[in-house]
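User: I'm new to this one. Could you walk me through how to read it, feature by feature?

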Amino acid sequence: MATLQNSPSLHRTPVLNSFTKLHRQSTFHCCRKSNSFSVRAEQASATSTCSPSQDRSGRRQVLAAGTVASWVLLTNQHSVSFAAENKKGFIPVTDKKDGYEFVYPFGWQEVTIEGQDKVFKDVIEPLETASVTLFPTVKQDIKEFGPPQQVAETLIKKVLAPPTQKTKLIEAVEHDIDGKTYYTFEFLAKAPNYTRHALSTVAIGNGNFYTLTTGANERRWEKMKDKLHTIVDSFKLFKVFD
């Protein structure tokens, strides 16, 4: 069984410092809106002058209106509940000292790993982790290290996967959050007995180079990919004031 130490995000942290010696863009924004509405069914009572046929017709209309209103209300409640569930299942992390925040899946546990600022992992699946590393840099923007693909390939080969693993970069993109540039990339790291499918996002702020990496065993990628994307998409830096 693969152990936490086999996770590509936990290897060769000292090498990360050498990455600053390098001297060398898909913007996206996602916004979800939830619209709510209500329907009111008002029942009108038949007057004493109505004929029996009019009375039956009126009652049928009232019953139909009530049925439609109930269906709409139930549908709307289901939609609201579903939207609320989409926001649940994750726990927020805010590091006020180092200036970053992200979310991780409910049920994962925090563990201590040397060279990692924070690590959360699934208690059953050892390759399902989320880790954050940071180290000082004089650079002011991630672009100063080069374009997304170049930075991703360097990090994957020299930092995020051990030299014994065969790696493959799938995609590397650039995006901005509140005026700050982030590089996010997807890659595979193949070991003799497993393949890890991983996502990383990197950015610079507060005089540090930040890396958040998460992933899962390739056999569980389809089941976990939405959660893993939620983790990397939630990663955000903020200014730390002394």
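Analyst: Happy to. Let's start with a yardstick: a residue counts as buried under 20% relative accessible area, as exposed over 50%, and as partly exposed in between. Keep in mind that this is a predicted model.

User: Let me try that on a pair of residues. Why does K143 count as partly exposed, and why does E174 count as buried?

Analyst: K143 has 38% relative accessibility, so K143 counts as partly exposed. E174 is at 5%, so E174 counts as buried. The side chains of these two residues meet in a salt bridge, 3.5 Å from N to O. That pair links distant parts of the chain: K143 lies in the loop between β5 and α3, while E174 is in strand β6, 31 residues apart.

User: What's the general idea behind such pairs, and which residues are linked in a network of salt bridges?

Analyst: Side chains of opposite charge can pair when their charged atoms come close. Here, E125, E128, R219 and R220 make up the network. In one of its pairs, R219 and E125 have their closest N and O atoms 3.1 Å apart. R219 sits in the loop between β9 and α4, and E125 in the loop between β4 and β5, 94 residues apart. R219 is exposed at 60% relative accessible area, whereas E125 is buried at 15%.

User: Are E128 and R220 buried or exposed?

Analyst: Both are buried. E128 and R220 also form a salt bridge, with the closest N and O atoms 2.3 Å apart.

User: How do I read the strands? Which strands pair with β9?

Analyst: In a regular strand the side chains alternate between the two faces of the sheet. As for β9, β5 runs antiparallel to it and is joined by eight bridges, while β8 pairs with β9, also antiparallel, over 10 bridges. T211 makes a handy landmark in β9: T133 is its bridge partner, and V202 stands opposite T211 too. β8 and β9 form a hairpin with two residues between them, and N206 in the turn has a positive phi of about 55 degrees. In β9, 10 of the 10 residues are buried.

User: And the core? Which residues touch the most other members?

Analyst: In soluble globular proteins, nonpolar side chains tend to be buried together. In this model the largest nonpolar core has 21 residues, and F102, W108, L228 and F235 touch the most other members. β2, β5, β8, β9 and α4 each supply at least two residues, with α4 giving the most, five. A second, separate core of 18 residues includes I156, L160, Y183 and V202.

Technical notes. Residues numbered from 1 in each chain as written. Predicted model: local features only at pLDDT ≥ 70, side-chain atom pairs only at ≥ 80, totals over all residues. Heavy atoms only, no water. Buried < 20%, exposed > 50% of the residue type's maximum accessible area, 1.4 Å probe, protein only. Helix = DSSP H or I, 4+ residues; strand = E, 2+ residues; numbered from the N terminus. Pairing = 2+ DSSP bridges. Core = buried A, V, L, I, M, F, W, Y, C linked by side-chain atoms within 4.5 Å. Salt bridge = Lys/Arg side-chain N within 4 Å of Asp/Glu carboxyl O.
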